[in-house]
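Let's take a walk through this protein by way of its charged and aromatic side chains. Keep the structure open and follow along.

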Amino acid sequence: MSEVLLEARHLSRFFPSPGGKRVQAVSDVSLRIQEGETLGLVGESGCGKSTLGRLLIRTLKPTSGEVLYGGRSLTAMSEKEFHGLRRELQMIFQDPYASLDPRMSVRDLIAEPLETWRLCDGKQAVTRRVLELMAAAGLPEEFLHRYPHQFSGGQRQRIGIARAIAARPRFIVCDEPVSALDISVQNQILNLLKELKGAGGLTLLFISHDLSVVRYLADRVCVMFLGKICEIGPAEEVYRHPRHPYTRFLLDAIPQPDPRLRGREMPMLEGEPPSPANPPSGCRFRTRCPYAGECCAREEPRLEKDGSVEAACFFPLGL
């Protein structure tokens, strides 16, 4: 088994909101990510996926808990200590246009991390490396001196990927990198990420609300609801035999060309998601769950291991 590259221990992040309440974006999350794996992080919009991704690479500070990277606490490090690790922890954003400086050419955008971390000796060496990274990301050489506004969304995302891998990171958070792209372009970007992971031994956290996309790329899947982990385990096992009702609802929401392919049907998911500023007592999913019992309101379920999968549910679905 691979070594643990990154670990979250009881990680929480609360944000202030009007009325003196706190929005519980991430609440007491613990997980481990093995070196070289792709962990898919899924859930509805607003469940805390992106916040968790940013906490793991220290672009956000936690309200409580800690993050360990290679056994060292990122949370306890000073800025000076963390500076040496920053290049190893990168991010690919959902909106590549917003994350790319419109005043910089493709050459300068990709060269910036190379120059910041002094990974090449001289300007010509930087340009050669930029061209290598462009080729790896599927960008033609003639794009070198063009600007972000001259490209399509898929091309801009490739620029963002080339920029993210330029610093030779070990861990990359991919925050909904294909959700704004056409299906054909999505496939191209997913294949590119898969190739880069295989070639460079990268470890990825792939954030998405689309379980069909995550299934293609992820080794393991982590399902979140309202700041909490509902279920986590090997991708194929979670997709074949989900234990948590919420995971089952998400899987049933995947469009199928033939209704007979949907498998056993679940009751419709009713009601609105609870507010993260005022989550329900006990299980946070209970107000929408058709299987909830009295114990679900009294006590918060903890992740319990069932074979290779962990699920936080008092009434897990049968296999």
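**Charges, rings and their partners**

Start where a charge meets a ring: the charged end of K194 sits over the ring of Y216, 4.1 Å from its centre. Bear in mind as you look around that this is a predicted model. There's another arrangement of this kind to find, with the charged end of R58 placed over the ring of F82 and 4.6 Å from the ring centre.

Now for rings meeting rings. The structure has five aromatic pairs. One of them is F143 with F151, and here the geometry is edge-to-face, with 4.9 Å from centre to centre and 65 degrees between the planes. If you wonder what those two values are for, a pair of aromatic rings is described by the distance of the centres and the angle of the planes. Is F143 buried or exposed? F143 counts as buried because its relative accessibility is 10%, under the 20% cut-off. F151 goes the same way: it counts as buried, at 6% relative accessibility. Elsewhere, F225, Y246, F249 and F285 come together in one aromatic cluster.

Next, have a look at K49, which belongs to helix α1, covering residues 49–56. K49 is buried but makes no salt bridge. Which side chain of opposite charge is nearest to K49? That's E176, 4.1 Å away. A salt bridge needs the nitrogen and the carboxyl oxygen within 4 Å, so at 4.1 Å K49 and E176 don't count as one. What the side chain of K49 does reach is the backbone oxygen of E44, at 3.2 Å. Leaving aside residues up to four places away in sequence, K49 touches L41, V42, G43, E44, E176, I207, S208, H209 and M224.

K49 may go without, but the structure holds 21 salt bridges. Take E66 and R9, whose side chains meet in one of these at 3.6 Å, N to O. This pair links distant parts of the chain: E66 is in strand β4 (residues 64–69) and R9 is in strand β1 (residues 4–16), 57 residues apart. Both ends are partly exposed, with a relative accessible area of 25% for E66 and 36% for R9.

Then there's the salt bridge between the side chains of E35 and R170, at 2.9 Å, N to O. Where do these two residues sit? E35 is in the loop between β2 (22–34) and β3 (38–42), while R170 is in the loop between α6 (153–166) and β7 (171–175), so the pair ties together parts of the chain that are 135 residues apart in sequence. E35 counts as partly exposed, at 32% relative accessibility, and R170 is partly exposed too, with a relative accessible area of 32%.

For a salt bridge with buried ends, turn to R243 and E237, whose side chains meet at 2.9 Å, N to O. R243 is buried, with a relative accessible area of 3%, and E237 is buried as well, at 16%. To finish, go back to E66 and R9 and widen the view: salt bridges with shared partners join E7, R9, R32 and E66 into one network.

Definitions and conventions. Residues numbered from 1 in each chain as written. Predicted model: local features only at pLDDT ≥ 70, side-chain atom pairs only at ≥ 80, totals over all residues. Heavy atoms only, no water. Helix = DSSP H or I, 4+ residues; strand = E, 2+ residues; numbered from the N terminus. Buried < 20%, exposed > 50% of the residue type's maximum accessible area, 1.4 Å probe, protein only. Lys, Arg positive; Asp, Glu negative; His and termini not counted. Polar contact = N/O pair within 3.5 Å; in protein donor to acceptor, adjacent residues only side chain to side chain. Contact = heavy atoms within 4.5 Å. Phe/Tyr/Trp six-rings, centres within 6.5 Å; stacked < 30°, edge-to-face > 60°. Lys NZ or Arg CZ within 6 Å of the ring centre and 35° of its normal.
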